[in-house]
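I opened my notebook to record what I looked up about empty space and helix packing. I begin with one question and then work through the helices.

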Amino acid sequence: MNSELSSQQVKDIGEQGLLERLQRFCPPEIIGDDAAVLETIPGQSLVVTTDVLVDGVHFSNLTTSPEDAGWRAAAANLSDLAAMGASPLGITVGLGLPGEVRVSWIERLYQGMTECLQKYNTPIVGGDVVRSPVTTLAITAFGQVNPSQIIRRSAAVVGDAIVVTGVHGASHAGLELLLHPELGQNLKDAERTALTLAHQRPQPRLDVLPILQKIFASPCPMPIAGMDSSDGLADAIIQICRASGVGAILERRQIPVPKTFNHWLPQEQALTYALYGGEDFELVLCLPQKLASTLVQHLGEGAAIVGKITAGSTVLLHDEQKKFPDQVLSLSQGFQHFNQ
């Protein structure tokens, strides 16, 4: 890219000029009408989710390149589809921009989205661009799922095991390392890179869905509840319990964290990262104990049964070794918009 093009600003080419640039990221046979038409397989339900990301709240030039911001935005929406048991069909992108934003920055943003979406054969099928005092990215993702395989927050029952599909706390640790490079001096370069990539390039767990379908090889509805852990592990479990009218007990020592935490972070700080750090984009699933054990075996390292669903409404963090008292978990301990 020559210097003249890289220094162009949105106000230099206008809305139509920008749209023309962005259309090349979309399939030509879909773009051009007032809405996208997506074919679904008969007997499938269409799943739609929307996520909004704001400069200075969800991403920052201090920690995130345009490509990484685009990847994270796409991954967040694909993760929401995975949390519903749905396979992705496509996304639309709503972009709010100050006129001074460089066109090259926007193209790099879309390149990052495309890199993530291509892994899952998911196209950008449309969107909108408007002037805004702050850069805002609103993505709507479309997916499909067999009605008998929909994962809902409200389906947890007493006795279910609680499964996490991978380690927690890595994304928050990566963010801390990006904000404070002086931290983690005893980390190896590969360990530092792995943690920062967990924050910059999270992987939506769409790979879990074929495993669930294999385990539940039956036309009967899957007895499973869940959501993703994008707002933190504690948040996900509390939200599931609220929707299902149940409580839970989490076992402190069963919560999986990155192995690098063992020689870097104090145990309690590692646990706080895992419970409240957020943006790990793993799935939190509640299902019968035998099926939960089978799922963990299929998923391998990082996956774990972290607790069980109980009667009542309280979500407790328990230590079976009794070195720590039981702790009641609440949403107020994690990130909440407008409460910061």
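How do the residues of the lining of the second largest cavity divide into nonpolar, polar and charged? I noted beforehand that this is a predicted model, and then found that the lining divides into 4 nonpolar, 3 polar and no charged residues.

I next looked up which residues these are, and the lining of the second largest cavity consists of Gly85, Gln149, Ile151, Leu209, Leu212, Gln213 and Met222. I wrote down a volume of about 40 Å³ for this cavity, and the structure holds 2 cavities of 30 Å³ or more.

Leu212 led me on to helix H7, residues 208–215, which packs with helix H10, residues 289–299, at an angle of about 135° and with the axes 10 Å apart. Because of that angle, H7 counts as oblique to H10, and I noted that H7 passes H10 in a right-handed crossing. On the H7 side I listed Val208, Ile211, Leu212, Lys214 and Ile215, which meet Leu291, Thr294, Leu295, His298 and Leu299 in H10. Sorted by class, this contact has 7 nonpolar, 2 polar and 1 charged residues.

My last entry concerns helix H5, residues 170–179, and helix H6, residues 189–200, which pack at an angle of about 105° with their axes 7 Å apart. That angle lies between 65 and 115 degrees, so H5 is roughly perpendicular to H6. Among the residues that make the contact I noted Ala170, Leu175 and Leu178 of H5 and Arg192, Leu195 and His199 of H6. By class, the contact of H5 with H6 has 7 nonpolar, 5 polar and 1 charged residues.

Terms used
Residues numbered from 1 in each chain as written. Predicted model: local features only at pLDDT ≥ 70, side-chain atom pairs only at ≥ 80, totals over all residues. Heavy atoms only, no water. 1 Å grid on protein atoms, 1.4 Å probe; cavity = no way out; pocket = protein on both sides within 12 Å on 5 of 7 lines; lining within 4 Å. Points joined across faces, edges and corners; volume = space filled by probe spheres on them. Nonpolar A, V, L, I, M, F, W, Y, C, P; charged D, E, K, R; others polar. Axes fitted to C-alpha atoms, helices over the stretch in contact; angles between N-to-C directions. Helix = DSSP H or I, 4+ residues; strand = E, 2+ residues; numbered from the N terminus. Parallel < 35°, antiparallel > 145°, perpendicular 65-115°, else oblique. Left-handed = near helix turned anticlockwise from the far one by under 90°. Contact = heavy atoms within 4.5 Å.
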